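Reader: I'd like to learn how to read a fold, feature by feature. Could you walk me through one?

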Amino acid sequence: MENIYKINQKLNAGIIGATGMVGQRFITLLAEHPWFNITALAASPKSAGKKYAETIEGRWKMTTPIPEKVKDMMVFDASDVEKVSSLCDFVFSAVDMPTKDEVKKIEEAYAKTETPVISNDKATRGVPDVPMFIPEINSPHAEVIEAQRKRLGTKTGFIAVKPNCSIQSYVPMLTPLLKFGLKEVVVSTYQSVSGASKTFNEMPEIIDNVIPYIGGGEEEKSETEPMKIWGSVKNGVIENITKPIITSQCVRVPVSDGHLATVFINFDGAKPSKEEIIQLWREFKGEPQELNLPSAPKQFIYYFDEIDRPQTKLDRDLENGMAVSAGRLREDSIFDYKFIGLSHNTLRGAAGGGVLTAEYLYKKGYIVKK
């Protein structure tokens with residue numbers, strides 16, 4: 001369904017969890033957004049009642065200055081759901097709470113005020129009627145929102161979530177290969193410190209070091225979340241697929257931004273040629289490109305012919321950090337093929353992916369003016 005409102009009628013957006021790294025990234029992306037206005041910032045009770053510039057002093061982690069338009073905005077308590085919701089048509093959620101249950105509870109509370117929630121948190125990713133979007137790949141999952149609204153008892157409120165930031169470094173490249181009977185995937189991700197919401201100053205132990213463990217079920221998410229993204233909506237829920245089988249390792253590396261992946265793949269039967277795979281990657285696009293959404297990259301997947309690309313520092317910012325890239329596709333002595341993937345974790349993988357999701361859902365009429 002297409003939005004009946006004119007796109008030039010801006011929606012009012014709130015950010016809950018506005019003081020954290022992802023919340024800060026949302027602010028930088030929305031400060032001059034053509035479709036959305038920031039009308040509410042919310043965080044923990046200790047930040048509530050202060051101007052944003054005051055509460056964020058000494059903790060601003062972006063490379064660009066705090067946008068002028070939010071400096072003097074008063075920060076609300078994120079738990080004051082009714083107040084924050086009254087100021088917004090929808091909210092972006094980047095809340096940091098002790099448990100998944102607490103996050104799920106507050107996000108559902110916002111949804112039940114008829115305020116759509118675009119979440120960056122893992123709390124609802126496994127809920128069968130909550131769509132988990134990489135919009136170029138699984139935009140049809142939006143149809144499950146109607147079933148979710150029935151469960152929540154809402155007319156316009158719902159929750160949509162983005163997946164784990166690291167999987168964007170390989171899932172886009174795997175997606176067009178599913179039709180060839182993709183059977184097995186072995187992936188290792190080399191993840192930046194911003195994936196832990198840290199800077200080098202805040203994580204000195206990473207300097208000249210690699211940490212071979214990332215907590216929070218990172219490897220499990222890397223193996224299971226693609227199954228939902230590639231699934232289909234049936235009987236009001238998203239049914240996961242069962243193949244390919246994915247096994248992963250995730251390590252933290254001394255890089256500021258960007259997650260790089262090394263990927264090995266096997267097919268169940270005849271495999272496509274290297275040239276065929278590269279052509280599929282370069283031609284791959286989705287509804288965000290067809291709809292010309294503001295945050296959508298013109299080219300979703302870049303393939304580099306150079307033997308030493310993609311490189312994290314050189315290539316993470318392709319198309320404002322919203323494109324993904326691949327390189328070094330070649331045959332392997334054990335697997336059919338291997339390649340390198342790269343994505344920007346706080347842009348495509350986090351806040352940018354959330355903004356793109358909101359743009360898509362607004363364009364299709366799921367997010368509307370209150």
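Author: We'll go through the sheets, some helices and the cysteines, one question at a time. Keep in mind that this is a predicted model.

Reader: Okay, sheets. What is the strand order in the sheet with parallel pairing?

Author: To read a sheet, walk across it from one edge to the other and write down each strand as you meet it. Here that walk gives β3-β2-β1-β4-β5-β6, an open sheet of six strands with parallel pairing. At the edges sit β3 (75-77) and β6 (159-161), each of which pairs on one side only. From one strand to the next, the twist averages 30 degrees.

Reader: Can you zoom in on one pair? How many bridges link β1 and β4?

Author: Four bridges, in the parallel sense. For a spot to click on, take I16: its bridge partner in β4 is S93. Then look for what covers the strands. Helix α5 (residues 100-111) packs on this sheet and touches β1, β4, β5 (117-119) and β6. The direction of α5 makes about 150 degrees with that of β5.

Reader: Now the sheet with mixed pairing. Which strands are its edge strands?

Author: Start with the order again: this open sheet of six strands reads β10-β7-β11-β14-β13-β12, with mixed pairing. Its edge strands are β10 (245-252) and β12 (301-304), each pairing on one side only. Ignoring direction, neighbouring strands are turned by 20 degrees against each other on average.

Reader: How do I see the mix? In what sense does β7 pair with β10, and in what sense with β11?

Author: Follow the chain direction along each strand and compare. Strand β7 (residues 182-191) pairs with β10 in the parallel sense, over eight bridges, while β7 and β11 pair in the antiparallel sense, over eight bridges. You can check both sides of β7 by eye: E184 stands opposite I245 in β10, and S188 stands opposite T262 in β11. Moving on across the sheet, β11 runs antiparallel to strand β14 (residues 337-343), with seven bridges joining them. There, A261 stands opposite G341 in β14.

Reader: And which way do the side chains point along a strand?

Author: As a general idea, they alternate between the two faces of the sheet in a regular strand. Next, ask how covered the strand is. In β11 (residues 259-267), eight of the nine residues are buried. There's a helix to find on this sheet, too: α9 (residues 218-229) lies across β7 and β10, running at about 140 degrees to β10.

Reader: On to helices. How would I spot one that isn't straight?

Author: Compare its end-to-end span with what a straight helix would give. For the 17 residues of α14 (347-363), a straight helix would span 24 Å, but α14 spans only 20 Å between its end C-alpha atoms. Then look along the helix for a bend: α14 has a kink of about 50 degrees, centred on G353. After α14 comes G365, which has a positive phi, near 90 degrees.

Reader: Is α14 enclosed or open to the outside?

Author: Largely enclosed by the rest of the structure, because 16 of its 17 residues are buried. Try A351, which is in α14: its relative accessible area is 0%. Setting aside neighbours within four places in sequence, A351 is in contact with V22, R25, F26, L29, N120 and T346. A351 and L29 are 322 residues apart in sequence, yet 7.9 Å apart in space, C-alpha to C-alpha.

Reader: What about α1? How many of its residues are buried?

Author: Eight of the ten residues of α1 (21-30) are buried, among them R25 and F26. To find the neighbours, look around those buried residues: they pack against β1 (11-16), β2 (36-43), α2 (52-55), α3 (68-71), β4 (90-93) and α14.

Reader: Last one, for my gels: how many disulfides are there?

Author: Zero, from a search of the whole structure. The way to check is to find each cysteine sulfur's closest partner and compare the distance with the cut-off, 2.5 Å. For C250 the closest cysteine sulfur is in C165, 9.3 Å away, so that pair is too far apart for a bond. It's also useful to check exposure: C250 is buried, at 0% relative accessibility, and C88 is buried too, with a relative accessible area of 2%.

Notes: Residues are numbered from 1 along each chain as its sequence is written. This is a predicted model: local features need pLDDT of at least 70, side-chain atom pairs count only at pLDDT 80 or more; totals for chains, interfaces and linings use all residues. Side-chain values use heavy atoms; hydrogens and water are left out. Buried means under 20% relative accessible area, exposed over 50%, partly exposed in between (1.4 Å probe, protein chains only). Two strands pair if DSSP finds at least two bridges between them. Helices (H or I, at least four residues) and strands (E, at least two) are DSSP runs, numbered from the N terminus. Axes are lines fitted to C-alpha atoms, for helices over the stretch in contact, and angles run from 0 to 180 degrees between N-to-C directions. Contact means heavy atoms within 4.5 Å. The expected span of a helix is 1.5 Å times one less than its number of residues. The bend at a residue is the angle between axes fitted to the seven residues ending there and the seven starting there.
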